[in-house]
Amino acid sequence: MSLIVTGASGHLGTAAAERVIALRGSSADLVLVSRRPAAIAERFDGADIRHGDFADPAGLVEAFRGGDRMLLISADNIQARAAWHAAAIDAAKAAGVQHIIYTSMIEPGAGNPALIADSHRATEQHLRASGIGWTVLRCALYSDFQVFEAAEAVASGQFRHNRGDGRCSYVARADCAAVAAAVLTSDNRSGIVDVTGPDALDATDLAALYATVGRAEVAPVSVTDEELAAALRPADGADPDGHAQYGAALAVSLGRAIREGYFGAVTGAVAEITGRRPASVADLLQREASTVRALSGR
Ligand SMILES: NC(=O)c1ccc[n+]([C@@H]2O[C@H](COP(=O)([O-])OP(=O)(O)OC[C@H]3O[C@@H](n4cnc5c(N)ncnc54)[C@H](OP(=O)(O)O)[C@@H]3O)[C@@H](O)[C@H]2O)c1
């Protein structure tokens, strides 16, 4: 059985590939596809490392040739990726891939205001219509990014948010990688799998965790979408490519989606599929405590 991991130089791709090798005890029959094959050549000596870029579909059929099952890691370009993922799915089908595992998000339905939802929904639809076997891993928001949110909150003494009373079941990226590797290496999961952390936290819970890890007072402060957008807006001239502005809009949309209940589900998928206890936000912050304190200036 030949397995493919796309996006193999990213954080999730690298962790998933390492886990696949650990599960199989070998890097044989593992195809790692990346825009930057040189970046992973040394780390994955023994794997079949190939160049592949979803933005350049012409080369993808050859990149995927010979693979039986493929982990399709969503690209990070939110505007372009629906078309890219469709091209990757079509190329995988042409190359003879029989099953695709796609990393989506929790509840990407039409009502979800998160700016990441439309592209995930479109990819899921394309995959379902492709005729290839499929598993969609609907991953919760990564807890890894709470390190930066925690540092800001510790520095200012306030956790400003627009999530109201909403809850979010953050999951560790390493747990998503472990689930992805387990599903890639076995054929016992198809359809939709919601991959979440062990508990759903509200703003008060998070502020308390941030205070503990930062050894400082942190108050949760509820603000409107407009107030949060204004606070995150880059200074005039400081954002020539518009990335910061887009990042601010994305953060506001995620807060709104949490407020509206789209990110609150908790499942046992990590433990069921990997046999390991999912890491909590508290676990992750504890592990990264020195980083949180350094970033916060404390
Ligand atoms: N659940 C969450 O909270 C959350 C947060 C952030 C991101 N995500 C999503 O999860 C994905 C993996 O997360 P990560 O932390 O590993 O992200 P990352 O380290 O920033 O890596 C970005 C990923 O996108 C891939 N990519 C970008 N452009 C591509 C293209 N044109 N063709 C093929 N692949 C392309 C990269 O592959 P190569 O560089 O190897 O080609 C890499 O795997 C992200 O790309 C994003 O879709 C989820």
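Into which domains is the protein divided? There are two: domain 1 covers 3–139, and domain 2 is assembled from 141–171 + 198–264 + 279–298. Keep in mind as you look around that this is a predicted model.

**How the domains meet**

The C-alpha centres of domain 1 and domain 2 are 28 Å apart. Seven residues from domain 1 and ten residues from domain 2 make up the contact. On the domain 1 side, the residues that touch domain 2 comprise five nonpolar, one polar and one charged.

**The nonpolar core**

Where does the largest nonpolar core lie, and why? With 86 residues, this core has Leu 32, Leu 71, Leu 137, Val 179, Ala 180, Val 195 and Tyr 210 as the members with the most contacts inside it. Helix α7 (residues 173–185) is the element that gives the most, contributing ten residues. Domain 1 and domain 2 both supply residues to the core, so it lies between them.

Leu 137 is a good place to zoom in. Not counting neighbours within four places in sequence, Leu 137 is in contact with Ile 101, Tyr 102, Thr 103 and Ser 104, and also with Val 179, Ala 180, Val 183, Val 193 and Val 195.

**Strand β4 and its partners**

Leu 71, named above among the core residues with the most contacts, belongs to strand β4 (residues 69–72). Which way do the residues of β4 point? Arg 69 and Leu 71 point one way, Met 70 and Leu 72 the other, and all are buried. Strand β4 pairs with β1 and with β5, as the table shows.

| Strand paired with β4 | Sense | Bridges | Residues standing opposite |
|---|---|---|---|
| β1 (residues 3–5) | parallel | three | Leu 3 and Arg 69 |
| β5 (residues 99–105) | parallel | four | Tyr 102 and Leu 72 |

Tyr 102 links two parts of this picture: this residue of β5 stands opposite Leu 72, and Tyr 102 is also one of the contacts of Leu 137.

**Around the ligand**

Which residues come nearest to the ligand? Of the 25 residues around it, these are Gly 7, Ser 9, Gly 10, Leu 12 and Ser 34. The shell divides by class into ten nonpolar, ten polar and five charged residues. Helix α1 (residues 11–24) gives the most to this shell, with three residues.

Technical notes:
Residues are numbered from 1 along each chain as its sequence is written. This is a predicted model: local features need pLDDT of at least 70, side-chain atom pairs count only at pLDDT 80 or more; totals for chains, interfaces and linings use all residues. A nonpolar core is a set of buried Ala, Val, Leu, Ile, Met, Phe, Trp, Tyr and Cys residues joined through C-beta atoms within 7 Å. A residue is buried if 20 or more other C-beta atoms lie within 10 Å of its own, exposed if 12 or fewer, and partly exposed in between; C-beta atoms are placed from the backbone. Domain bounds come from an automatic or database domain assignment. Two residues are in contact if their C-beta atoms, placed from the backbone, lie within 7 Å. Ala, Val, Leu, Ile, Met, Phe, Trp, Tyr, Cys and Pro count as nonpolar, Asp, Glu, Lys and Arg as charged, and the others, Gly among them, as polar. A residue is near a molecule or strand if its C-beta atom, placed from the backbone, lies within 6 Å of it. Two strands pair if DSSP finds at least two bridges between them.
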